[in-house]
Protein chains: 4
Amino acid sequence: MPDVRAALRAQRIETPSWAYANSGTRFKVFSQAGVPRDPYEKIADAATVHRFTGVAPTVSLHYPWDAVDDFGKLAAYAQDLGVTLGVVNSNVFQDDDYKLGSVTNPDPRVRRKATDHLLACVDVMDATGSQDLKLWFSDGTNYPGQDDIRSRQDRLAAALREVYDRLGDDQRILLEYKLFEPAFYTTDVPDWGTAYAHTLELGPKAQVVIDTGHHAPGTNIEFIVAFLLRQAKLGAFDFNSRFYADDDLMAGAADPFQLFRIMYEIVRGGALDPASGITFMLDQCHNIEAKIPAIIRSVTNIQEATAKALIVDGDALAAAQAQGDVLAANAVFMDAFSSDVRPLLAEIRAEQGLDPDPHAAYKRSGYAEKIVAERIGGVQAGWGA
Amino acid sequence: MPDVRAALRAQRIETPSWAYANSGTRFKVFSQAGVPRDPYEKIADAATVHRFTGVAPTVSLHYPWDAVDDFGKLAAYAQDLGVTLGVVNSNVFQDDDYKLGSVTNPDPRVRRKATDHLLACVDVMDATGSQDLKLWFSDGTNYPGQDDIRSRQDRLAAALREVYDRLGDDQRILLEYKLFEPAFYTTDVPDWGTAYAHTLELGPKAQVVIDTGHHAPGTNIEFIVAFLLRQAKLGAFDFNSRFYADDDLMAGAADPFQLFRIMYEIVRGGALDPASGITFMLDQCHNIEAKIPAIIRSVTNIQEATAKALIVDGDALAAAQAQGDVLAANAVFMDAFSSDVRPLLAEIRAEQGLDPDPHAAYKRSGYAEKIVAERIGGVQAGWGA
Amino acid sequence: MPDVRAALRAQRIETPSWAYANSGTRFKVFSQAGVPRDPYEKIADAATVHRFTGVAPTVSLHYPWDAVDDFGKLAAYAQDLGVTLGVVNSNVFQDDDYKLGSVTNPDPRVRRKATDHLLACVDVMDATGSQDLKLWFSDGTNYPGQDDIRSRQDRLAAALREVYDRLGDDQRILLEYKLFEPAFYTTDVPDWGTAYAHTLELGPKAQVVIDTGHHAPGTNIEFIVAFLLRQAKLGAFDFNSRFYADDDLMAGAADPFQLFRIMYEIVRGGALDPASGITFMLDQCHNIEAKIPAIIRSVTNIQEATAKALIVDGDALAAAQAQGDVLAANAVFMDAFSSDVRPLLAEIRAEQGLDPDPHAAYKRSGYAEKIVAERIGGVQAGWGA
Amino acid sequence: MPDVRAALRAQRIETPSWAYANSGTRFKVFSQAGVPRDPYEKIADAATVHRFTGVAPTVSLHYPWDAVDDFGKLAAYAQDLGVTLGVVNSNVFQDDDYKLGSVTNPDPRVRRKATDHLLACVDVMDATGSQDLKLWFSDGTNYPGQDDIRSRQDRLAAALREVYDRLGDDQRILLEYKLFEPAFYTTDVPDWGTAYAHTLELGPKAQVVIDTGHHAPGTNIEFIVAFLLRQAKLGAFDFNSRFYADDDLMAGAADPFQLFRIMYEIVRGGALDPASGITFMLDQCHNIEAKIPAIIRSVTNIQEATAKALIVDGDALAAAQAQGDVLAANAVFMDAFSSDVRPLLAEIRAEQGLDPDPHAAYKRSGYAEKIVAERIGGVQAGWGA
């Protein structure tokens, strides 16, 4: 399986700076000892994940959560630790001004402020060398009649256009959609169709982000993956998992078979190849479990799903599909999923000079104890308010 | 309220031939006395609905369920009864060949057969003078791996293109989407985004149909209405209502507030005007209730929702929205919904020479007893097998 | 309609102290000017709602959010303002100890602490004269395997028993259920069946609470109302509304027809009568709208749904149901819902010496401006952390 | 792993007679060559499944679908083929009389007829030696107001009592629940809580059936398993799988991880042991795939999930749970799921004299070709109308 091994070696998964910080629900944020207190400590944790997995060499930033005086210095610090800064995530949902929306707010002053923030994010990208601006808007309404659905689309389109026109040649907008939360009646970018239509109108430097936790119950996510790849409009993934809503659990924890099906469509559509330009990120909240090992687990879960997707017997599958043999085609597909790919991944890690078991290696490393001991005083970084 | 009255007088709702026939679930089709035995009797029932409501002058056909030797004769018969033939619905889901799909079937012979049927539907349109071809595909898969998701899209696109190119100058394709059923893993046109992308690629004579029962739980349908109107890609509605899945209950029966919100976006987007080219149809199954009065009830439910949408105080709403006054805006909106518009509709009917109460008038008319007495022998028309 | 008027005059709706405080989502809590800074100010706001609606004479407390040195003094303060203290709500979800559960925590020390808190709540009830202890447990797990589902039930049962045995003769446990959030894999009391089984085993002083936002999509809540009333195990309601999950919007805002159907089952089951012992509470979050007028709106929404439920023509409905006339029965039911009951409610208010329009009256009263001016400094009460 | 092997050898899965017959959706029943034409041929197919799997020695009957003149003769025929007759399933949903319900119908004549049918099913059990009567009621309503929810419960309770009192000493009622379909507004036994309450009132010979496809989206089924086992009220399983509603796909096809979690709770609760009295059945529809191999696949899917549940390291899991180590506990659990248990199952089959690969063995056997050749003429058995 030379290609399988090569593909697994080439796979890249970006981890999010905020997943190393405290997070929670509206009911409670439980704090954890050793959590980072600034962007530098987040980077250090991300570098640790990369050290043990070998496939997580980039870190997503969230602005202004990760604002620093000198982004060049932060980038250099990352480089020293063996990682680089990745996607820049805008944040237009945590200022009191954004109560009724950011770029879709009925108040033009607030829209201006929000759009300016997005433009500032591009400045950050220029400083960090990041190529992708990920846009998630919490904008929406809670009550029927609260605002005009269509006018909000017009406002959204205007802001997106302004930001798009500010992009450099190698920069992209990644537009994220989400069904609900924090808006509970309408959301201004609720589904992939809306994100698709806007990115199509914007142009080739705008693409859609699929967050695996942002859909209505029953939505077939792998269909969306296949469809957006066919339309050449899939730009990135936010991986996480959910049983109910946007639960933001570890990727692969809730429905590993779904993750396998998604990875299969990625492989099928040629999107695993880093040259495809599709960015694979985690976007999770580790509310009750330790953060770094939870991220390592998420990474290995994705690796396992990917390995299973890669070992699907394509010839046998195509033959069964062409003959309309439902059971044979399903059996070929399930055969890959039922396989235990952990030995294969362990081998590949060993070949790369990594510990074959990143979980045990991290545990033995003492890093967890070290950060608990060292990160005393200061204010822990939080995902929420 | 001259405009409100004018708008209500001008409203048009098309009724579907198959709703007059027997229908049911996979568990049982309960037959009802007096049900039509052929397309002519269906037309007679539809004309009866129009006689009592005054707003249902057209009838959707389903081909081949409504196949007759001479469609010109059927059209003339309809005309004699005061109605005309409307949208033609294709049927590529009831032949044994379509077990694994119609236009997306892995077998090219079946795809050819299905596409030929769609082309034949355009021939029927030429004969009946219908302008719209409504395409609903039950195509999809039941098991992961069963077929290639992306290849099925390519096959779908090819068939749609062929049919599109066959359309006359005044003819349109109306492409319907549905989340699931009868396919239980993937559906080839599962959501509005997929229908939108295909109709966009086809051209201006292709539009999207919204069936109000075809969404995932929690989907905000009025958002889709507003968005597709903004994109000028909304072609038609299939009204019905549901509590769970595609229940196909009477329009307005399950969530009258949702129907009001949908009609508000239609009014807001200028789509109520018959000149907008948007076709408003019912698509329902009256499994346990009498068919004709159920359709009359559905029509009056839509009229009531429309009347409420029309009386929303637009100036007050816009002012509250502009000020970001959430409660005031919601109150203006709810004030319209809480109003009893039945007296207004009764007045309008009386002005038009109709009985102000179509339900009582139908009951008194003796039509129900007449069809039970007359339609003896023969085979009742069925919606299913 | 003498009975309708009498029933509406006798209706009682309890408002929750925490709904007057700031609330939000995990993304952001937006603060509002004039929000209470202590339990006394919350009581003052609740008394204001009662002053304008006349049907909200009691206030639910949340302990320890509403902890004061002297509950007798708080009760006396309430009395002076024309209201009394109602249900006591326990809180075992906001201490770091409760990260993995409270009474179901694997650690016996934490279970002891949580149970002691519940017992302390009964002490508060003794001090305030409250008869009801409402128990909502956020307990559950986020990951498969995290804890043993069945052992957690055993722990839950043990804690409930201990608290039950502590109750005075006139005191009750009201056990609440919720599908998910903040737990994202299992919840220890996820549905009415679980709450029913536990309260049945506990005895007659334990009853089930229905929170209208705590169900899986598609759940028929009025069925649960009817069923629990038949089993004599319905103790209370938490009203609010939702489009997606536990959105906690204003009661009646998302699906007024559902609220009507629920109120119909309450009337049908004889539960509206205060003598039935069923407590009707609001439990909402006014994240973006002004709190007091939002609560007034919720109260009047419930009143309108109740009035509609009361005017259903019971004889006509029973006759149609007995004859199996689906459409006639539905028409009788919908006739009540389609009626505008606001004039009736205005009349009843006027008879009671209230302003017929509580919304306008509150607005004119200057209370909103007064609290904004007066409540300067200090820390606003918050629902969350 | 001696216990694991012993448990897998002792496992029993009952297959349903109707799954060998044609089935479909309301849109179309696709017929398959070789499908049984009478109960004898269904038994022959079931015996074939047992011949290749070794764990499916009993067959569920559906009455009157499987009505024969002489049930003793049918039982003897089964015995000759190495299988025995299992659970008897009543059918009170396919007669025109049941349009508005069976035992909950507003018409007492229909209720009498339905109850008599249930009593006749017990007669069948006496004749076949079956111990279990499985009751699924399609009863419910489609429209608000259509019938009185509470009266329907009273009627249901009366019918259940009459049937319960007719049971022999070794006979049981297994009461099934289902959220919706074919009823689309209320269902009279919609959830496990309703079934639990009724079976509790009936007595120890009444138990609840869990059909894995009969829940609202997001319902945690393994919680219900654990809870009902704790209450000693779980009587049986209907296995199948679903992505959307009651899709009735092959067990394990849609979410193999969920099936594993369910089997884990079964193992955890001691319910796998045949002595526990819990009956494990399939209840599926093979609309588009070949029936016998689909059932073999379902059986092996359940075996694989069971094997994974059995190899969970219980000591390690309990230790991690007791320490509140979320990630360690989850890792132990996932380790079992990630394992490939197919070699183990192949070994066990070989030890029992079976072919290690039942799928290949069935294919090679020529049985499929034989029934296609022999079952010519006559009317194929159908699941639906």
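## A tour of two interfaces and two sheet regions

Across the interface of chain D and chain C, 18 residue pairs are found in polar contact, with both residues of each pair at pLDDT 80 or more. Keep in mind throughout that this is a predicted model.

**Stop 1: chain D against chain C.** Colour chain D and chain C separately and select the residues where they touch: 54 residues of chain D are in contact with 54 residues of chain C. The area buried between these two chains is about 4,400 Å², and carbon and sulfur atoms give 59% of that area. On the side of chain D, select Arg150(D), Phe223(D) and Arg230(D), which lose the most area to chain C and together make up 17% of what that side buries.

Next, display the charged side chains, since the interface of chain D and chain C holds 4 salt bridges. One to look at joins the side chains of Asp148(D) and Arg268(C), with an N to O distance of 2.6 Å. Then switch to a cartoon view of chain D, where the elements that each supply at least two residues of the side touching chain C include helix H5 (149-166), strand S9 (186-187), helix H7 (221-230) and helix H8 (256-268). The largest share of that side, 8 residues, comes from H6(D), a helix that spans 192-202. Coloured by class, the side of chain D that touches chain C shows 25 nonpolar, 17 polar and 12 charged residues.

**Stop 2: chain A against chain C.** Now hide chain D and bring up chain A, where the contact with chain C takes 44 residues from chain A and 44 residues from chain C. About 4,200 Å² is buried between chain A and chain C, and 63% of this area comes from carbon and sulfur atoms. Within chain A, Arg26(A), Phe27(A) and Tyr143(A) lose the most area to chain C, together 22% of what that side buries.

The count of salt bridges between chain A and chain C is 8, and a good example to centre on is the one in which the side chains of Arg26(C) and Asp246(A) meet, at 2.8 Å from N to O. The side of chain A that touches chain C is made up, by class, of 24 nonpolar, 9 polar and 11 charged residues. Polar contacts across the interface of chain A and chain C come to 16 residue pairs, both residues being at pLDDT 80 or more.

**Stop 3: strand S8 of chain D.** Return to chain D and select residues 172-176, which form strand S8; 5 of its 5 residues are buried, so the strand is largely enclosed by the rest of the structure. With side chains shown, Arg172(D), Leu174(D) and Glu176(D) point one way, while Ile173(D) and Leu175(D) point the other way. This fits a general pattern, in which the side chains of a regular strand alternate between the two faces of the sheet.

Add strand S6 (residues 132-135) of chain D, which runs parallel to S8(D) and is joined to it by 4 bridges; here Asp132(D) has Arg172(D) as its bridge partner. Strand S10 (residues 206-211) of chain D is also parallel to S8(D), again through 4 bridges, and in this pairing Ile173(D) stands opposite Ala206(D).

**Stop 4: the sheet of chain B.** Finally, isolate chain B and trace an open sheet of 8 strands in the order S1-S4-S5-S6-S8-S10-S11-S12, with parallel pairing. Strand S1 (15-16) and strand S12 (279-282) of chain B stand at the edges with a single partner strand each, so one side of each is left without a neighbour in the sheet. Further in, strand S4 (residues 58-63) and strand S5 (residues 84-90) of chain B run parallel and are joined by 5 bridges, with Val59(B) opposite Leu85(B) in S5(B).

Methods
Residues are numbered from 1 along each chain as its sequence is written. Chains are lettered from A and ligands numbered from 1 in the order in which they are written. This is a predicted model: local features need pLDDT of at least 70, side-chain atom pairs count only at pLDDT 80 or more; totals for chains, interfaces and linings use all residues. Side-chain values use heavy atoms; hydrogens and water are left out. Buried means under 20% relative accessible area, exposed over 50%, partly exposed in between (1.4 Å probe, protein chains only). Two strands pair if DSSP finds at least two bridges between them. Contact means heavy atoms within 4.5 Å. Buried area is the accessible area (1.4 Å probe) that two parts lose on being put together, summed over both. A polar contact is a pair of N or O atoms within 3.5 Å; within protein, one must be able to donate a hydrogen and the other to accept it, and residues adjacent in sequence count only if both atoms are side-chain atoms. Ala, Val, Leu, Ile, Met, Phe, Trp, Tyr, Cys and Pro count as nonpolar, Asp, Glu, Lys and Arg as charged, and the others, Gly among them, as polar.
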